[in-house]
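Me: Take a close look at the pockets of this model for me, and spell out the cut-offs as you go. After that, work outward to the parts around them.

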Amino acid sequence: MQKRILIVEDEPAIRDMVAFALRKGEYEPSHAGDAREAQASIADRVPDLILLDWMLPGTSGLELARRWRKDPLTREVPIIMLTARGEENDRVGGLEAGVDDYVVKPFSARELLARIRAVLRRSREDDEDGSVGAGGLRIDGAAHRVFARVDGDDQPIQIGPTEYRLLHFFMTHPERVYSRSQLLDHVWGGSVYVEERTVDVHIRRLRKTLEPYALDGMIQTVRGSGYRFSAAMDA
Ligand code: CA
C-alpha cells in the first residue's frame, strides 16, 4: 500500500512540485494550505508522514509541530520541516519541537525523496524491533511505547519519535560510551545531514522526558567522549 504524505504548504508552486515528486516516488500526497486544513485532513485520515512548511499563514509550522507532538493521534507521525535558507538557524527550535528532519528550500525532488525514505525507514525499523527493559524502563517495540515502573505499576511515557529511537538505541546498547557522531550514525542514519549539537538537543529532551520518573540519570554525559546509558544510575 502506498504511504500517504500530507504536505502542509501555502505556496501553490512548491506544493505542486512536492506533490509531483511524491507521486513519482510512489507516495500518495494530500495537501493543506494552513493549520486548519491540515487539522481537518489529519482528522479525516492520519498520514504516514507530514511535510511541514515553517512559514504558514496564521499558525506557524513550528507551532503545529509542537501541537502534533503532544496529540496522541499524531505523536508518532514523522515530520519533515521545509525551511527557507535564512531559517536554518531556527533548526534547533524545530528539533526541540520534535521535528524529525529538515529540507532546505530550494530542494530537488531527489533530495526530498531521499529524506522521506530515510525517515520512513527509521520509523519502520523501530516497529520491527522487539521489546527491551532496563532498570525502571521498558520499551514495547511492537506498540512503539515506553513505560516507566512507578510503585510497581507500568506507566506510559509520552515521548517524541527521535527521543524514542535514541532511547531504544541506548537501551539495546547499554553501558557503552557513544560519541555524538556515532549516535548520529546509529540513530539518525548516515545519510542525514545533521549537526552534532542536534544530539545534545535530543539528549536534553530525552532527559526531560525521563525526569518526572526520576530516570533521567540513566542518560549519562561522559566528559570529552559523549553519552552512555546505564541502568545503574549515578548517585
Ligand atoms: Ca510558506
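Reply: On a 1 Å grid over the protein atoms alone, a pocket is an open set of points with protein on both sides within 12 Å along at least five of seven lines, a cavity is a set where a 1.4 Å probe fits but cannot get out, and lining residues have an atom within 4 Å of a point. The model is predicted, so local features need pLDDT of at least 70 and side-chain atom pairs count only at pLDDT 80 or more, while totals for chains, interfaces and linings use all residues. Residues are numbered from 1 along each chain as its sequence is written, and side-chain values use heavy atoms, with hydrogens and water left out.

So, the largest pocket: it has 14 lining residues, and E96, E163, R205, K208 and T209 are the ones nearest its centre. Helices α3 and α8 are the elements that each give two or more residues to that lining (helices, H or I, of at least four residues and strands, E, of at least two are DSSP runs, numbered from the N terminus). The top contributor is α8, with four residues. The space in this pocket comes to about 390 Å³, where a volume is the space filled by probe spheres set on grid points joined across faces, edges and corners. Sorted by class, the lining holds nine charged residues, three polar and two nonpolar; Asp, Glu, Lys and Arg count as charged, Ala, Val, Leu, Ile, Met, Phe, Trp, Tyr, Cys and Pro as nonpolar, and the others, Gly among them, as polar.

Follow α8 (residues 196-210) away from the pocket and you find it lying across β11 and β12, at about 140° to β11. Angles run from 0 to 180 degrees between N-to-C directions, with axes fitted to C-alpha atoms, for helices over the stretch in contact. Those two strands belong to an open, antiparallel sheet of three, ordered β10-β12-β11. The edges are β10 (177-178) and β11 (219-222), each with a single partner strand, so one side of each has no neighbour in the sheet. Four bridges pair β11 with β12 (residues 226-229) in the antiparallel sense; pairing takes at least two DSSP bridges between two strands. V222 is bridged to G226 in β12. Helix α6 (residues 161-172) packs on this sheet too, touching β10, β11 and β12, with its direction about 70° from that of β12; contact here means heavy atoms within 4.5 Å. T221 has Y227 of β12 as its bridge partner. Three residues separate β11 and β12 in their hairpin, and G224 in the turn has a positive phi of about 75°.

Now to the other helix, α3, and the sheet it sits on. Five strands form an open sheet with parallel pairing, in the order β2-β1-β3-β4-β5. β2 (28-32) and β5 (101-104) are its edge strands, each pairing on one side only. On average, neighbouring strands are turned by 20° against each other, direction ignored. The parallel pair β1 (residues 4-8) and β3 (residues 49-53) is joined by four bridges, with V8 standing opposite L52 in β3. Helix α2 (residues 35-44) packs on the sheet against β1, β2 and β3, and its direction makes about 165° with β1. Helix α3 (residues 61-70) touches β1, β3 and β4 (79-83), at about 150° to β3.

Some of the loops here hold a metal site. The calcium ion has D10 (OD), E11 (OE), D53 (OD) and M55 (O) as its protein donors, 2.1 to 2.8 Å away. Donors are N, O and S atoms within 2.8 Å of the metal (3.2 Å for Na, K and Ca), and water is not among the atoms, so sites may look incomplete. Along the chain these donors read D-E-x41-D-x1-M. D10 is in the loop between β1 and α1 (12-24) and M55 in the one between β3 and α3, so the pair ties together parts 45 residues apart in sequence.

Two backbone oddities are worth a look. Most residues other than glycine have a negative phi, and most peptide bonds are trans. E26, in the loop between α1 and β2, has a positive phi near 65°. K105 and P106 are joined by a cis peptide bond, with omega about -5°, and P106 is in the loop between β5 and α5 (109-128).

Finally, the closed space: there are two cavities of 30 Å³ or more. The second largest has a volume of about 50 Å³, lined by R75, E76, H144, R145, V146, I157 and I159. That lining splits into three charged, three nonpolar and one polar.
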